[in-house]
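Load the model in your viewer and keep the sequence panel open. The stops below are given in the order in which to select them.

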Amino acid sequence: QVQLVESGGGLVQAGGSLRLSCAASGRTFSSSVMGWFRQAPGKEREFVAAISWNGGSTYYADSVKGRFTISRANGKNTVYLQMNTLKPEDTAVYYCAASSRRGYSISYYTRLYDYGYWGQGTQVTVSS
């Protein structure tokens, strides 16, 4: 069982930066693939980034590649999403998720149903 709580969202101007955090509780965090997803108003939830259990592998959606960085600190049971050069189209509720599936390439973990645990989300608003 994993419980997830996101923080760090807010209002920022285009071109600015934010760092999201996701604090996890539960014994299985350090062995879980972690992901970030986002959902804009009127749109489906979409994949943003994923990171392997030890942080050695990462994968990004094309829309954020080169601007966002996912990382984790297993000793702190926390995963991060550093977001730079933000654009108005990055405005969304951002969700942290944990997957109990193991043994796949990190590029596999882009689908919502690969993740069994979700946080409540944190709002990110980018003004133009």
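Select Val48, which sits in strand 5; strands (E, at least two residues) and helices (H or I, at least four) are DSSP runs, numbered from the N terminus. Val48 is buried, its relative accessible area being 0%. Buried means under 20% relative accessible area, exposed over 50%, and partly exposed in between, with a 1.4 Å probe and protein chains only. Draw a C-alpha distance from Val48 to Trp36: the two are twelve residues apart in sequence and 5.4 Å apart in space. Now show what surrounds Val48, skipping neighbours within four places in sequence: the contacts are Trp36, Phe37, Arg38, Tyr59, Tyr60, Ala61, Val64, Phe68, Leu81 and Tyr94. Contact means heavy atoms within 4.5 Å.

A note on the model before moving on. It is predicted, so local features need pLDDT of at least 70 and side-chain atom pairs count only at pLDDT 80 or more, while totals for chains, interfaces and linings use all residues. Residues are numbered from 1 along each chain as its sequence is written, and side-chain values use heavy atoms, with hydrogens and water left out.

Go next to Tyr60, one of the contacts of Val48. Tyr60 belongs to strand 6 (residues 58-60) and counts as buried at 14% relative accessibility. Its contacts, again without neighbours within four places in sequence, are Phe47, Val48, Ala49, Lys65, Phe68, Thr69 and Ile70. For a C-alpha distance, pick Tyr80: Tyr60 and Tyr80 are 20 residues apart in sequence and 14 Å apart in space.

Which residues have the most contacts inside the largest nonpolar core? Select Met34, Trp36, Leu81, Met83 and Tyr94; the core itself has 37 residues. Seven strands each supply at least two residues of this core: strand 3 (18-25), strand 4 (33-39), strand 5 (46-51), strand 7 (68-73), strand 8 (78-83), strand 9 (92-99) and strand 11 (122-127). A nonpolar core is a set of buried Ala, Val, Leu, Ile, Met, Phe, Trp, Tyr and Cys residues joined through side-chain atoms within 4.5 Å. Trp36, Leu81 and Tyr94 also appear among the contacts of Val48.

Move to Arg72 in strand 7. Is Arg72 buried or exposed? Arg72 is buried, with a relative accessible area of 14%. Measure from its C-alpha to that of Gly55: the separation is 6.3 Å in space and 17 residues in sequence.

From Arg72, step to Ser32, since the two are in contact. Ser32 lies in the loop between strand 3 and strand 4 and counts as buried at 3% relative accessibility. Apart from neighbours within four places in sequence, Ser32 is in contact with Trp53, Arg72, Ala98 and Ser99.

The next two stops concern backbone angles. Most residues other than glycine have a negative phi. Select Asn77, in the loop between strand 7 and strand 8: its phi is near 50°, a positive value in a residue other than glycine. Asn77 counts as partly exposed at 23% relative accessibility. Not counting residues up to four places away in sequence, Asn77 touches Cys22, Ala23, Ala24, Ser25, Gly26 and Phe29. The C-alpha atoms of Asn77 and Ser30 are separated by 7.1 Å, with the two positions 47 residues apart along the chain counted as their separation.

Then select Thr85, in the loop between strand 8 and strand 9. Thr85 also has a positive phi, of about 50°, although it is not a glycine. At 46% relative accessibility, Thr85 counts as partly exposed.

Finally, zoom out to the protein as a whole. How many helices and strands are there? The protein has zero helices and eleven strands, giving the pattern β-β-β-β-β-β-β-β-β-β-β along the sequence. Its C-alpha atoms fill a box of roughly 40 × 25 × 25 Å along the principal axes. The radius of gyration is 13 Å, which agrees with the value near 14 Å for a compact globule of 128 residues; it is taken over C-alpha atoms, and the globule rule is 2.2 Å times the number of residues to the power 0.38.

Colour by burial: buried residues make up 43% of the 128 residues. Of the contacts with a separation of 6 or more, 59% are between residues 24 or more positions apart.
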